[in-house]
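Thanks for coming. Please have a look at the sequence and the structure before I start talking.

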Amino acid sequence: MKVYCNCCGKEIRMKEDTQIALEDYAVIEKSWGYFSEKDGIRQKMNICETCFDAWTNTFARPVQEMEERELV
């Protein structure tokens, strides 16, 4: 299965014949509930690191960052 960035359309590089990504990307998934215009809809998107940084740099409040002690 190929994975693409929903923002720029770039294909996320994967190790050949595996589901192991050779570059990191964000997966955002949201199930919309009551009090939304999307009640009962689930959405999922993949965002490459370049697009993630460009997007979050537009936020009025910065994204909260914490340092990880162990990388998985």
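Which residues make up the largest nonpolar core? There are eight of them: Val-3, Cys-5, Ile-12, Met-14, Ala-26, Ile-47, Cys-48 and Cys-51. Before I go further, please keep in mind that this is a predicted model.

Now the overall layout. The protein has one helix and two strands, and from the N terminus the order is β-β-α. Strand E1 covers 25–31, strand E2 covers residues 42–48, and helix H1 covers residues 49–56. As for extent, the C-alpha atoms fill a box of roughly 45 × 30 × 25 Å along the principal axes. The radius of gyration is 15 Å, whereas a compact globule of 72 residues would come out near 11 Å. Of the 72 residues, 15% count as buried. If you take the contacts between residues at least 6 apart in sequence, 27% of them join residues at least 24 apart.

Next, the cysteines. You saw that Cys-5, Cys-48 and Cys-51 are in the core. How many disulfides does a search of the whole structure find? The result is zero. Take Cys-8, which is in no disulfide: the nearest cysteine sulfur belongs to Cys-51 and is 3.7 Å away. A disulfide here needs two cysteine sulfur atoms within 2.5 Å, so a pair beyond that cut-off is not counted. For anyone new to the term, a disulfide is a covalent bond between the sulfur atoms of two cysteines.

Why is Cys-48 not bonded to Cys-51? The two sulfurs are 3.6 Å apart, and Cys-51 is the closest cysteine to Cys-48, but that is too far for a bond. Is Cys-48 buried or exposed? Its relative accessibility is 2%, so Cys-48 counts as buried. Cys-8, in contrast, is at 45% and counts as partly exposed. Leaving out residues up to four places away in sequence, Cys-51 touches Cys-5, Cys-7 and Cys-8.

Staying with strand E2, look at Asn-46, which has its place there. With a relative accessibility of 16%, Asn-46 counts as buried, because the limit for buried is under 20%. What does Asn-46 touch, if residues up to four places away in sequence are not counted? The list is Val-3, Tyr-4, Cys-5, Asn-6, Cys-7, Tyr-25, Ala-26 and Val-27. Among them, Val-3, Cys-5 and Ala-26 also belong to the largest nonpolar core.

Now to the aromatic rings. The count comes to three aromatic pairs. One of them is Phe-52 with Trp-55, an edge-to-face pair with 6.4 Å from centre to centre and 80° between the planes. Where do these two residues lie? Both are in helix H1, three residues apart, which is about one turn of the helix. Trp-55 also pairs with Phe-59: the centres are 5.2 Å apart and the planes are at 85°, so this pair is edge-to-face too. Ring pairs therefore link Phe-52, Trp-55 and Phe-59 into a cluster, as edge-to-face needs planes over 60 degrees apart and a pair needs centres within 6.5 Å. How accessible are the three? Phe-52 is partly exposed at 28%, Trp-55 is partly exposed at 38%, and Phe-59 is partly exposed at 34%.

Another ring to find is that of Trp-32. The charged end of Lys-30 sits over this ring, 5.2 Å from its centre. The charged end of Lys-38 also sits over the ring of Trp-32, at 4.7 Å from the centre.

Last, two backbone angles. Most residues other than glycine have a negative phi. Asp-17 is not a glycine, yet its phi is positive, about 60°. Asp-17 is in the segment before strand E1, and with a relative accessible area of 77% it is exposed. The other case is Phe-35, also not a glycine, with a positive phi near 70°. Where is Phe-35 found? Phe-35 is in the loop between E1 and E2, and its relative accessible area of 88% makes it exposed.

That is what I have. To find your way back, start from the core residues Val-3, Cys-5, Ile-12, Met-14, Ala-26, Ile-47, Cys-48 and Cys-51, then go on to the ring cluster of Phe-52, Trp-55 and Phe-59.

Methods
Residues numbered from 1 in each chain as written. Predicted model: local features only at pLDDT ≥ 70, side-chain atom pairs only at ≥ 80, totals over all residues. Heavy atoms only, no water. Buried < 20%, exposed > 50% of the residue type's maximum accessible area, 1.4 Å probe, protein only. Core = buried A, V, L, I, M, F, W, Y, C linked by side-chain atoms within 4.5 Å. Contact = heavy atoms within 4.5 Å. Phe/Tyr/Trp six-rings, centres within 6.5 Å; stacked < 30°, edge-to-face > 60°. Helix = DSSP H or I, 4+ residues; strand = E, 2+ residues; numbered from the N terminus. Lys NZ or Arg CZ within 6 Å of the ring centre and 35° of its normal. Rg over C-alpha atoms; globule rule 2.2 N^0.38 Å.
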